[in-house]
Amino acid sequence: MFQTTVTKKIIVQIYEPPVDIAVNADIVIDVQYDVADQETYNLFGTSMPENVIADTVSFSILKGLNSAFPSGLSFSQIQNPPAEIGNAALEIVKDDLLKFFGIVFTSIIVRELKAEVPSFIANMIPGQNPANTNSAEKWICPNCANSNEGNFCMECGTKKPVREEWICPNCQATNKMKFCSECGTKKP
């Protein structure tokens, strides 16, 4: 199983009456995938650049957002991205990369969604504080998938995972996952 983190800029629709607006957002997605067709993977997948996965995942997230939330997301959903976003994206993309690169996605989790909501728009929603429209401190529990803010999961008590950065000995890139995002070297 392979794992990577994708960070992209997307446009999301926010719908919470009286607000209906498209805004820019930074989205951070944790992706897991497996080799499903070894022959195709050996021909095409081993040389697949990281940006192909990033572009495919972000495109599927956009399609998943439109499928699961056709009217748009509410402010609370921007602050706590629902699992349905990743699940809808997974359904949309599950067969695409198998055809072209021999891999299949097994998990797409939206870890963070930071929307650039203008304060005058956020002020139109009762109870909204524009300073809280970013969810930088949010994390998803690896045990139960609950969205949390503190050091422990509010649902099952699991401690917040520590994300350690490491420098690739091969290309000197800074990484957070098990494999280098630039050259594919395994974390030492």
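**Exercise 1.** Are Arg-111 and Asp-30 buried or exposed?

*Solution.* Start with the basis of the numbers. The model is predicted, so local features need pLDDT of at least 70 and side-chain atom pairs count only at pLDDT 80 or more, while totals for chains, interfaces and linings use all residues. Residues are numbered from 1 along each chain as its sequence is written, and side-chain values use heavy atoms, with hydrogens and water left out.

Step 1. Fix the cut-offs: buried means under 20% relative accessible area, exposed over 50%, and partly exposed in between (1.4 Å probe, protein chains only).

Step 2. Apply them: Arg-111 and Asp-30 are both buried.

Step 3. Look at the contact between the two. Arg-111 and Asp-30 form a salt bridge, with the closest N and O atoms 3.1 Å apart; the term requires a side-chain nitrogen of Lys or Arg within 4 Å of a carboxyl oxygen of Asp or Glu.

Step 4. Place the residues. Because Arg-111 lies in strand β3 and Asp-30 in strand β2, the pair ties together parts that are 81 residues apart in sequence. Strands (E, at least two residues) and helices (H or I, at least four) are DSSP runs, numbered from the N terminus.

**Exercise 2.** Find the count of salt bridges and describe the pairs not yet treated.

*Solution.* Step 1. The count comes to three salt bridges.

Step 2. One of them joins the side chains of Lys-9 and Asp-26, at 2.9 Å from N to O. Lys-9 is in strand β1 and Asp-26 in strand β2, 17 residues apart, and the pair links distant parts of the chain. Lys-9 counts as exposed at 56% relative accessibility, whereas Asp-26 counts as partly exposed at 26%.

Step 3. Another is formed by Lys-114 and Glu-112, with closest N and O atoms 3.3 Å apart. The side chains of Glu-112 and Lys-114 are also joined by a polar contact of 3.3 Å. A polar contact is a pair of N or O atoms within 3.5 Å; within protein, one atom must be able to donate a hydrogen and the other to accept it, and residues adjacent in sequence count only if both atoms are side-chain atoms.

Step 4. Glu-112 is found in strand β3 (residues 103-115) and is buried, with a relative accessible area of 11%. Lys-114 is partly exposed at 27%.

**Exercise 3.** Describe how β1 and β2 are paired and connected.

*Solution.* Step 1. Strand β1 (residues 2-16) and strand β2 (residues 19-35) run antiparallel and are joined by 15 bridges. Two strands pair if DSSP finds at least two bridges between them.

Step 2. A hairpin leads from β1 to β2 through two residues. Glu-16 stands opposite Val-19 in β2.

Step 3. Set the pair in the chain order. The protein chain has six helices and seven strands, running β-β-α-α-α-α-α-β-α-β-β-β-β from the N terminus on.

**Exercise 4.** Which residues touch the most other members of the largest nonpolar core?

*Solution.* Step 1. A nonpolar core is a set of buried Ala, Val, Leu, Ile, Met, Phe, Trp, Tyr and Cys residues joined through side-chain atoms within 4.5 Å.

Step 2. Ile-61, Phe-105 and Ile-108 touch the most other members of this core of 31 residues. At least two core residues come from each of β1, β2, α2 (50-68), α3 (75-79), α4 (83-93) and β3.

Step 3. Now take Leu-65, which lies in helix α2 and counts as buried at 8% relative accessibility. Leaving out residues up to four places away in sequence, Leu-65 touches Ile-10, Val-12, Pro-70, Leu-73 and Ile-85; a contact means heavy atoms within 4.5 Å.

Step 4. For the whole chain, buried residues make up 39% of the 188 residues.

**Exercise 5.** Where does pLDDT stay under 50?

*Solution.* Step 1. pLDDT is the predictor's confidence in each residue, from 0 to 100. The protein chain averages 76, and 83% of the residues score at least 70.

Step 2. Among the elements, helix α5 (residues 96-101) has the lowest mean pLDDT, 66, and strand β5 (residues 147-148) the highest, 82.

Step 3. The stretch under 50 is residues 130-136, for which the model has 19 contacts beyond four places in sequence.

Step 4. Where pLDDT is low, the predicted coordinates should not be read in detail.
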